[in-house]
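Biologist: I would like a close look at a single part of this model, the chain that carries the open sheets, with its helix packing, its loops and its contact with the partner chain. Please take me through that part in one connected account.

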Amino acid sequence: MADDLTTYHENTWCPGCGNFGLLNALKKAVLALEKKGVPREKLIQTTGIGCHGKMSDYIALSGFATLHGRALAVAQGIKLANPELRVFSSVGDGDTIGEGLEHLVFAAKRNADITALIHNNGVYALTTGQVTPVSERGFRGPSTPLGNPEDPLNPLALMLESGATFVARGYAGKVDHLAGLIVRAIEHEGFSYIDILQPCVSFNNTYERYNKTTEVMQEPPASYDDAVRAVKRRDKLLLGVFYEAKKAPFHIEVQGDRNPAAQRLPRQDRVDRVRKLLEA
Amino acid sequence: MEKGFFTFIVGGKAGEGVKKAGQAAAALFSGMGRHVFQSDEYESLIKGGHNFSAVTTGLRQVTGTYLRADLVVCLDKRSYDIHKDHLAPGGVLVHNSDAMGPGSWKGAGIPLTSSAKKFPNPELRMGLGAVAALMAAIGLDRSDVMKLLKEEYARDLESNLQFALAVHELASPHVGRRFKLERGERKRPLLFGNQAIVLGAYLGGLDAYFAYPMTPSSSALHYIAGKARELGVTVVHPESEIAVMNMALGAAFTGARSMIGTAGGGFGLMVEALSMAGMAEVPVLALLSSRVGPSTGAATLHEQSDLRFALGAGHGEFPRLVASPGTVKEAMFLSAELLDLAWQFQVPAILLTEKHLSESTMTVDIDPSEAAWSQPAVHAGGEYKRYRITDDGVTPLLFPPTKELNKWTSHMCDETGLVSEDPGMITQMHEKFIRKGNALRERLQAMHTVNTFGNEGRVILTYGSTTMAVVEALRFSGRKARVVQPIYLEPFPDWAMGCQADERPIVVEQSSTGMFARLVEDRLGVEPETVIKKYDGRPFDPEELAASLKEVL
């Protein structure tokens with residue numbers, strides 16, 4: 001897709017990689033958000049390390065390509081410092097459910113107004129196919145040649161428990177549906193999480209399985225408890241928004257309507273305030 | 001002891017208001033227009049153990065607390081055992097007669113526990129008893145007691161007043177009017193080191209402070225969190241030090257001036273992100289306050305053992321700033337200056353200090369308008385490339401939202417900020433950092449980077465809060481020396497040290513292996529004749545250091 005959202009950088013994902021669907025969905029979401037009055041310069045992306053991280057090279061949006069697992073922490077710093085920005089993180093499952101799990105749980109707990117787009121391929125692809133926290137038991141990779149001895153985490157259930165106020169699942173093979181989810185997640189005020197099923201053609205090719213087992217929900221779950229049951233279903237991988245709630249986001253709780261970056265206090269104000277403190 | 005000098009020590013258990021008593025005494029002396037230095041020694045526990053607070057006051061600047069006190073008030077038996085032999089000539093000891101058991105004891109006994117038990121929460125009030133005894137000993141009367149308590153013990157004021165007046169009356173026959181303290185010329189503000197550091201950063205432009213509690217940096221977090229609304233600063237205590245540093249770097253991306261505060265262990269967790277600050281060229285100010293290491297070490301005690309860590313932390317090669325203040329006042333201005341330099345050169349800046357400065361309180365003469373103000377180079381317009389190659393290695397900044405693409409990255413990249421593994425590009429980026437480091441060094445050459453105290457006699461090299469002990473020890477002993485303190489440690493101001501090649505300086509520092517001495521050897525090519533070291537977790541007592549210096553001067 002040659003367009004003004006694409007950079008000049010060579011794309012090095014494997015042919016057929018699920019990330020292409022994700023990138024296309026993200027671009028569609030950006031265009032849809034622009035139509036809704038959100039200019040693209042306000043969309044700020046942070047990325048982690050992994051195949052997903054190449055998103056920052058391929059999409060023409062401002063942002064910060066950070067460390068393995070830390071994209072959500074950086075994103076929260078950006079949002080706090082300038083709440084006018086719409087900050088989203090393109091992150092991996094090993095990256096953010098493994099290395100950076102603490103930031104994921106706490107971003108949800110504090111309802112940080114950022115969006116986590118999890119490129120969930122169930123494998124460390126860039127480092128040639130090791131298990132991640134969401135890999136199935138028995139998964140064979142170079143670090144687990146006898147098979148994964150651990151059961152997988154269910155990140156959606158974890159997010160519901162942690163306090164995320166927007167929890168959804170998308171599929172890289174259903175681009176338009178996914179684009180719609182991304183628009184809703186970015187528009188959502190508070191922490192939004194989309195688990196995005198992303199087949200990895202080289203190390204964990206799940207296209208066939210996902211084409212069979214995914215199903216777009218016609219109706220969202222009626223309650224939080226129904227959402228918990230829905231995300232735990234093994235027979236069907238349901239797609240759509242499981243849970244959405246209104247709750248004051250973290251930056252409002254911390255600093256009200258103040259925008260630290262856009263409303264920096266001038267020097268003289270600071271001198272006066274410190275003088276007052278010293279004279280007290 | 002020098003004329004006009006007076007030291008008050010209060011010792012007791014944690015939870016007895018020992019530190020508060022020291023603070024109240026400091027406020028009392030500064031209210032009399034005198035100079036004050038107050039320090040606390042405490043253990044890593046909430047109740048019990050042994051804590052003491054020492055306050056030295058004089059009619060000239062005081063840069064340390066003396067352990068040989070004029071008045072010692074012991075709230076418990078353990079304090080008595082520890083402090084009974086540390087009296088200055090003519091010194092007075094007051095002990096809590098309820099806590100001693102049978103026997104004969106030095107000094108005056110006052111039934112502090114039974115007096116306190118007439119009021120709710122008696123143990124919290126014990127420290128106030130020491131303040132009341134102090135006020136009796138320096139000849140202050142009931143009206144002075146009432147005045148001080150309104151300022152310093154306003155919570156449950158009525159009970160506090162009754163208790164303090166009762167102790168004042170009990171103490172007066174024993175210790176009343178034993179000392180006469182002259183009034184000084186004017187009342188000066190009292191600041192503790194961490195307070196000065198965060199206020200200095202605020203003056204320099206600080207917008208957001210991120211920290212995870214860790215002694216001895218926590219009081220910086222507590223202070224700025226308590227003033228967040230009043231000052232208009234965002235303060236966040238997130239899930240870990242890793243989150244702290246990464247959030248601070250995210251905040252900097254928007255143009256908000258951000259800062260973190262931690263101690264050695266927490267800084268260890270931040271090191272990966274420190275390297276990212278180096279690679280992505282993110283300005284950030286880090287307060288690194290040392291305690292006894294390695295590892296958990298001794299959490300509440302003093303040491304200068306993180307020097308090499310501050311200088312070397314982080315994988316890969318990138319320019320950085322490391323500087324260490326000698327006094328509370330210097331800490332304030334240095335903090336603002338480091339924030340400014342961090343932003344001008346887009347590098348991490350580490351303000352390295354120690355427990356003794358972070359948590360000690362001094363009277364200061366400060367004009368806040370003299371603090372630096374951070375002014376980074378900002379993109380003037382037109383096409384933007386975040387990592388454009390420039391002569392001085394600094395690429396002007398641009399803050400979102402902007403039409404221009406603004407990509408920050410932890411990767412080796414091209415000028416736009418997209419990943420590049422091109423050999424030419426990697427070489428250019430490394431050389432950009434080298435030129436930036438050189439430009440930083442040149443800037444420092446035009447600045448005040450080294451303090452010198454005295455101009456005759458042997459050279460004593462020291463740094464950080466140990467400088468205060470050295471200067472105080474020389475004043476105490478009346479000996480002459482030239483004390484040289486590099487404020488900046490990276491880039492190291494070798495051009496301003498004034499050391500001759502054949503100089504055999506004396507080095508004074510608080511590390512067991514002589515880290516600073518080795519740095520001096522490395523950077524100046526001089527071999528210290530003697531390294532006076534102390535590594536028992538306690539700052540130098542000026543009198544003790546004077547005795548060590550006497551042997552070598």
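Modeller: What follows goes through chain B from its sheets to its helix pairs and loops, and ends at the contact with chain A.

Everything here is read from a predicted model, and I begin with the open sheet of 7 strands in chain B, whose order is 9-8-10-11-13-12-19 and whose pairing is mixed. Its edges are formed by strand 9 (234–236) and strand 19 (488–490) of chain B, and because each of these has a single partner strand, one side of each is left without a neighbour in the sheet. On average, and with direction ignored, neighbouring strands of this sheet are turned by 20° against each other. Within the sheet, strand 11 (residues 284–290) and strand 13 (residues 348–354) of chain B pair in the parallel sense, over 7 bridges, and in that pairing Leu288(B) has Leu352(B) of strand 13 as its bridge partner.

Chain B also has an open sheet of 5 strands, in the order 16-18-17-20-21 and again with mixed pairing. Here strand 16 (450–453) and strand 21 (530–533) of chain B stand at the edges, and since each has a single partner strand, one side of each lacks a neighbour in the sheet. The average turn between neighbouring strands of this sheet, direction ignored, is 20°. Strand 20 (residues 506–509) of chain B is paired with strand 21 of chain B in the parallel sense over 4 bridges, with Val531(B) in strand 21 as the bridge partner of Val507(B). Helix 16 (residues 466–477) of chain B packs on this sheet, where it touches strand 16, strand 17 (459–461), strand 18 (482–486) and strand 20 of chain B, and the direction of helix 16 makes about 170° with that of strand 18.

Turning to the helix pairs, helix 1 (residues 18–31) and helix 4 (residues 126–137) of chain B pack at an angle of about 30°, with their axes 7 Å apart. The angle makes helix 1 of chain B roughly parallel to helix 4 of chain B, and the crossing of these two helices is right-handed. On the side of helix 1 the contact involves Val18(B), Lys20(B), Ala21(B), Ala24(B) and Ala25(B), which meet Gly127(B), Leu128(B), Ala130(B), Val131(B) and Leu134(B) in helix 4. By class, the residues of this contact between helix 1 and helix 4 of chain B divide into 8 nonpolar, 1 polar and 1 charged.

A further pair is formed by helix 7 (residues 193–204) and helix 8 (residues 218–226) of chain B, whose axes come within 8 Å and cross at roughly 55°. Helix 7 and helix 8 of chain B are therefore oblique to each other, and their crossing is right-handed. Asn194(B), Gln195(B), Ile197(B) and Val198(B) of helix 7 make the contact with Ser219(B), Ala220(B), Tyr223(B) and Ile224(B) of helix 8. The contact of helix 7 with helix 8 of chain B has 5 nonpolar, 3 polar and no charged residues.

The loops of chain B deserve a word on backbone geometry. Most residues other than glycine have a negative phi, and most peptide bonds are trans. Thr215(B) and Pro216(B), however, are joined by a cis peptide bond with omega of about 5°, and Pro216(B) is placed in the loop between strand 8 (206–211) and helix 8 of chain B. The peptide bond from Glu490(B) to Pro491(B) is also cis, with omega near -10°, and Pro491(B) is found in the loop between strand 19 and strand 20 of chain B. Ser295(B) has a phi near 55°, a positive value in a residue other than glycine, and lies in the loop between strand 11 and helix 12 (307–312) of chain B.

Finally, at the contact between the chains, 45 residues of chain B are in contact with 42 residues of chain A. The largest share of the side of chain A that touches chain B comes from helix 3 of chain A, with 8 residues, and by class this side of chain A divides into 20 nonpolar, 11 polar and 11 charged residues. Strand pairing also runs between the chains, as strand 2 of chain A and strand 15 (residues 407–409) of chain B pair in the parallel sense over 3 bridges, and Thr409(B) in strand 15 is the bridge partner of Ala65(A).

Notes
Residues numbered from 1 in each chain as written. Chains lettered and ligands numbered in written order. Predicted model: local features only at pLDDT ≥ 70, side-chain atom pairs only at ≥ 80, totals over all residues. Pairing = 2+ DSSP bridges. Axes fitted to C-alpha atoms, helices over the stretch in contact; angles between N-to-C directions. Parallel < 35°, antiparallel > 145°, perpendicular 65-115°, else oblique. Left-handed = near helix turned anticlockwise from the far one by under 90°. Contact = placed C-beta atoms within 7 Å. Nonpolar A, V, L, I, M, F, W, Y, C, P; charged D, E, K, R; others polar.
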